[in-house]
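Work through the following exercises with the sequence and the coordinates at hand, and try each task before reading its solution.

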Amino acid sequence: MSLVPMKQVLNEAAKGDYGVGAYNVNNMEQIQGIMKAASETSSPVIIQASRGALKYTNMVYIKYLAAAAVEDNPDIPIVLHLDHGNSLETCKQAIELGFTSVMMDGSLKEDSKTPTTFDENVEVTRSVVEYAHKFGVSVEGELGTLGGIEDGVGSGEVKLTDPDAAVEFIKLTGVDALALAIGTSHGAYKFKAKPTLALDIINEVVKRIPEVPLVMHGSSSVPPELIEVINNYGGKLEKTMGVPMESIKEAIKRGIRKINVDTDGRLAMTGAVRKYLSEHLDAFDPRSYFGAAREAVYQTVKEKMIGFGTAGHAGDYKPLTIEDMKAVYK
Ligand code: G3H
Ligand code: 13P
Ligand code: ZN
C-alpha cells in the first residue's frame with residue numbers, strides 16, 4: 001500500500017460515523033508508537049508533521065519514516081499530512097516530499113501569528129487547493145482562530161468560526177476538509193475547568209454542507225495521570241484541563257472527522273523518559289528510555305483510537321492513491 005489521500009480516509013469516517021486522530025510526529029519512536037496502536041486496533045491513521053517537525057527532521061527523515069510506517073503496516077491506511085502550513089510554498093514543499101495531504105492555515109498570515117481577513121484566507125487557501133489537487137493531494141483549510149500559542153504558532157486570540165462564513169469559505173476554496181474554531185486551543189494549558197465548547201457550530205455547518213469533513217484542532221485531553229507522572233519524577237507542570245473524551249465523542253457525533261492531537265503524545269513521552277531515568281540511575285542506553293517513551297505513546301494513542309471509534313475500520317475500504325485522486329479531481 002502507498003500513503004493514502006486524506007479526503008478518502010475522512011469521507012470513509014463520515015460514512016462510518018467515527019473520527020480519525022491526526023497525531024503529530026517528529027521522530028521514529030512517535031511514529032512506531034502510533035503505528036503499533038493503529039495496527040493492534042486496526043485503525044486508519046493520519047500522521048502529521050508541522051513546519052517545526054519538517055525542520056527538526058530535515059524533511060528527508062520524515063519522508064522515509066513515513067515510508068517505513070507504510071512498509072511495516074501494509075494493511076493500515078496511512079495519511080501523511082502537513083499540519084499548519086503557512087504558505088503555498090510550504091505546501092508545495094510537502095507535496096514534493098510525498099505528503100498526501102496538506103493544511104493551508106490561512107486563518108493566520110505567513111508569520112503564523114497575525115490573523116488574516118476572510119478574503120486573504122480564501123485567496124491563499126484557494127491557490128493551495130488549485131495546486132494540490134493537480135497532484136491528487138487533499139487540502140485542509142481553517143477558518144477562525146484557536147487560542148494558545150505553541151512554539152510561536154498562533155495569534156493567542158480566540159475567534160470562533162462563523163458558520164455562515166464557513167459555508168461560504170468551503171464553496172469559494174474547494175477545500176477537502178475544514179478546521180473550525182470551537183473554543184479549543186493548542187498546547188497543555190487550555191482550560192482551568194471543564195470546558196464548554198461551541199459544538200453547535202459543527203451542526204450549523206454540517207446542516208448546509210454535509211459532504212465536507214470537519215476538523216478539530218487542540219484536541220488533547222491533557223490527562224491528569226500524564227501530568228502526574230511528569231511531576232512525580234521531577235517535572236513541574238501546572239494542573240490544567242484539556243478536552244475531555246466525552247466532548248470529543250460528542251463532536252464526532254455532530255460531524256467532526258479529524259481530531260488533532262500533539263500535546264498528549266508529548267506528555268506521555270516526557271513522563272515515560274523522566275520515570276525511566278529516575279528509576280534507573282545507571283541507564284545510558286537511549287533504547288531503554290526512548291523505548292519506554294514509545295510504549296507510552298502507543299498506550300495513549302490506542303486509547304484514543306478506541307475512543308474516537310477509529311478502531312476496526314482499517315479494512316473497510318480499498319485505499320486510493322494520489323494518482324487515483326488526480327482523476328477524481330479532474
Ligand atoms: O498545532 C501545532 C502543533 O502542536 C505542532 O507543534 O509546531 O511545536 O511542532 P510544533
Ligand atoms: P493539541 O496541542 O491539543 O495536542 O493540538 C494539536 C493540534 O491541533 C495540532 O495541529
Ligand atoms: Zn492545530
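**Exercise 1: the first helix and its end**

Helix H1 (residues 6-16) has Met6, Gln8, Val9, Leu10, Glu12 and Ala13 as its buried residues, where buried means under 20% relative accessible area, exposed over 50% and partly exposed in between, with a 1.4 Å probe and protein chains only. The model is predicted, so that local features need pLDDT of at least 70 and side-chain atom pairs count only at pLDDT 80 or more, while totals for chains, interfaces and linings use all residues. Residues are numbered from 1 along each chain as its sequence is written, chains are lettered from A and ligands numbered from 1 in the order in which they are written, and side-chain values use heavy atoms, with hydrogens and water left out.

Task: determine which residue just after H1 takes a positive phi.

Solution: Helices (H or I, at least four residues) and strands (E, at least two) are DSSP runs, numbered from the N terminus. Just after H1, the residue with a positive phi is Asp17, at about 60°.

**Exercise 2: a proline in a loop**

Task: decide whether Pro44 is buried or exposed, and list its contacts.

Solution: Start with the location, which is the loop between helix H2 (28-41) and strand E2 (45-49). Pro44 counts as buried because its relative accessible area is 1%. Then, leaving aside neighbours within four places in sequence, collect the residues in contact with Pro44 (heavy atoms within 4.5 Å), among them Val9, Tyr18, Ile76, His313 and Tyr317.

**Exercise 3: the zinc site**

Task: identify which residues coordinate the zinc ion (ligand 3).

Solution: Donors are N, O and S atoms within 2.8 Å of the metal (3.2 Å for Na, K and Ca), and water is not among the atoms, so sites may look incomplete. The search gives His84 (NE2), His186 (NE2) and His217 (ND1), at 2.0 to 2.1 Å. Of these, His84 in strand E3 (residues 78-85) and His186 in the loop between strand E6 (177-180) and helix H8 (200-208) link distant parts of the chain, being 102 residues apart. Both His84 and His186 are buried.

**Exercise 4: aromatic pairs**

Task: count the aromatic pairs and classify the one formed by Phe118 and Phe169.

Solution: Rings of Phe, Tyr and Trp (its six-membered ring) pair if their centres lie within 6.5 Å, with planes under 30 degrees apart counted as stacked, over 60 as edge-to-face and the rest as tilted. By this rule there are three aromatic pairs. Phe118 and Phe169 are edge-to-face, at 6.1 Å centre to centre and 70° between the planes. Phe118 belongs to helix H6 (residues 118-134) and Phe169 to helix H7 (residues 163-173). Phe118 is partly exposed at 28% relative accessible area, whereas Phe169 is buried at 0%.
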